[in-house]
Amino acid sequence: DSPGWLHGKRVLVTAGPTREKIDPVRYFTNPSSGKMGFALAEEAARLGATVTLVAGPVQLETPAGVNRIDVTTAEEMYQAVLANNKTQDIVIKSAAVADYRPAVTYDKKMKKQPGEYVVEMERTKDILKKLGEEKERQFLVGFAAETDTPVRYGKEKLEKKNLDAIVINNVAAEGAGFGHDTNRAVYINHKFEETELPMMTKKQLAQTIFNQIKLDWNHE
Ligand code: PMT
């Protein structure tokens with residue numbers, strides 16, 4: 001790789017989970033640690049980019065030189081990403097955004113009741129889809145966390161959401177996906193060319209993803 005090739009470019013990365021509250025003491029979330037997204041932000045900064053990192057609730061240090069925006073919910077992530085989207089050259093959506101949130105949020109702690117309790121969930125906004133619709137010259141990369149036929153689902157997302165590339169991780173594979181320091185992924189570009197990547201650290205995967213982006217940049 002050539003350090004500095006992203007000099008003068010703006011890169012936005014999303015990382016971590018979102019947290020969707022039911023009441024002040026209960027919420028829905030997922031096991032994303034933010035490691036994948038933070039590795040991507042760190043690598044983008046190392047390559048010279050001006051980096052904005054929109055992070056859900058995670059326990060990680062901000063990489064040097066990175067401008068971090070902390071959010072909690074999918075709605076807050078949507079607002080933060082959309083407010084910064086227009087000026088970005090590359091956007092990478094590695095966050096694990098909740099697809100559903102409780103339809104009602106209580107201001108006070110719900111009391112335990114006898115019997116079962118059903119939580120009604122409503123859809124959150126699809127940030128990646130919106131970015132695909134708004135995209136002009138930007139290079140837009142989605143992630144997909146799948147547990148079966150990962151490549152087929154990934155290709156569907158690539159096409160439907162107007163992405164330039166998608167990184168698919170089979171989160172059911174050993175040592176890949178949520179929480180680990182390592183990951184195993186398939187990178188698919190706009191021509192549906194698949195690059196199957198071996199198990200590597202998330203830092204190495206971040207470097208590999210930017211190498212792939214460099215190859216696919218200005219692909220018209
Ligand atoms: O954080 P780590 O512990 O390091 O784990 C990394 C990871 C497994 C979270 C990461 O590598 C990963 O796969 N991220 C995407 C997880 C995910 O939510 O996948 P998905 O198939 O549900 O979503 C597909 C894409 O749509 C993602 O780019 C996601 O950011 C985006 N999305 C999803 C829902 C939503 N409402 N808005 C979105 O933009």
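In which strand does phenylalanine 143 lie? Phenylalanine 143 lies in strand E9, where strands (E, at least two residues) and helices (H or I, at least four) are DSSP runs numbered from the N terminus. Let's use that as a warm-up for the exercises below.

Residues are numbered from 1 along each chain as its sequence is written. The model is predicted, so local features need pLDDT of at least 70 and side-chain atom pairs count only at pLDDT 80 or more, while totals for chains, interfaces and linings use all residues.

**Exercise 1. Describe the overall fold of the chain.**

Step 1: Start with the secondary structure, which comes to five helices and 14 strands.

Step 2: Turn to the radius of gyration, taken over C-alpha atoms and set against a globule rule of 2.2 Å times the number of residues to the power 0.38. The chain has a value of 18 Å, close to the 17 Å that the rule gives for 220 residues, so it is as compact as a globular protein of that length.

Step 3: Add the dimensions: along its principal axes, the C-alpha trace spans about 60 × 35 × 30 Å.

Step 4: Look at burial. A residue is buried if 20 or more other C-beta atoms lie within 10 Å of its own, exposed if 12 or fewer, and partly exposed in between, with C-beta atoms placed from the backbone. Of the 220 residues, 37% count as buried.

Step 5: Finish with contacts, meaning pairs whose C-beta atoms, placed from the backbone, lie within 7 Å. Among contacts with a separation of 6 or more, residues 24 or more positions apart account for 61%.

**Exercise 2. Find the largest nonpolar core and follow one of its members.**

Step 1: A nonpolar core is a set of buried Ala, Val, Leu, Ile, Met, Phe, Trp, Tyr and Cys residues joined through C-beta atoms within 7 Å. The largest one has 52 residues, and those with the most contacts inside it include Val13, Leu40, Val141 and Ile166. Helix H1 gives the most to this core, with seven residues.

Step 2: Pick isoleucine 166. Not counting residues up to four places away in sequence, it touches Val141, Gly142, Ala144, Gly154, Lys157, Leu158 and Ile188.

**Exercise 3. Work out what surrounds the ligand.**

Step 1: Count a residue as near the ligand if its C-beta atom, placed from the backbone, lies within 6 Å of it. The shell holds 28 residues, and the closest are Ser33, Lys35, Met36, Ile127 and Leu128.

Step 2: Assign them to elements. Helix H1 (35-46), helix H3 (127-134) and strand E9 (139-146) each give two or more residues. E9 gives the most, with four.

Step 3: Sort by class: Ala, Val, Leu, Ile, Met, Phe, Trp, Tyr, Cys and Pro count as nonpolar, Asp, Glu, Lys and Arg as charged, and the others, Gly among them, as polar. The shell has 12 nonpolar, 10 polar and six charged residues.

**Exercise 4. Place the annotated binding-site residues in the model.**

Step 1: Read the record. The unreviewed UniProt entry marks Asp99, Lys109, Phe143, Lys157 and Lys161 as "binding site"; positions are in the numbering used here, feature names are shortened, and annotations may be inferred rather than shown by experiment.

Step 2: Check their spread. They cover 63 residues of sequence and are also spread in space, up to 38.3 Å between C-alpha atoms.

Step 3: Return to phenylalanine 143, which counts as buried because it has 23 C-beta neighbours inside 10 Å. Leaving aside neighbours within four places in sequence, phenylalanine 143 is in contact with Lys93, Ser94 and Val167.

Step 4: Now take lysine 161, in the loop between helix H4 (150-160) and strand E10 (165-170). With 20 C-beta neighbours inside 10 Å, lysine 161 counts as buried. Leaving aside neighbours within four places in sequence, lysine 161 is in contact with Leu128, Lys129, Gly132 and Gly142.

**Exercise 5. Examine two residues with positive phi.**

Step 1: Recall the background: most residues other than glycine have a negative phi.

Step 2: Asparagine 162 has a phi near 60° and is found in the loop between H4 and E10. Asparagine 162 counts as partly exposed because it has 16 C-beta neighbours inside 10 Å.

Step 3: Phenylalanine 192 has a positive phi of about 65° and lies in the loop between strand E12 (185-189) and strand E13 (194-196). With 12 C-beta neighbours inside 10 Å, phenylalanine 192 counts as exposed.

Terms used. A residue is near a molecule or strand if its C-beta atom, placed from the backbone, lies within 6 Å of it. Two residues are in contact if their C-beta atoms, placed from the backbone, lie within 7 Å.
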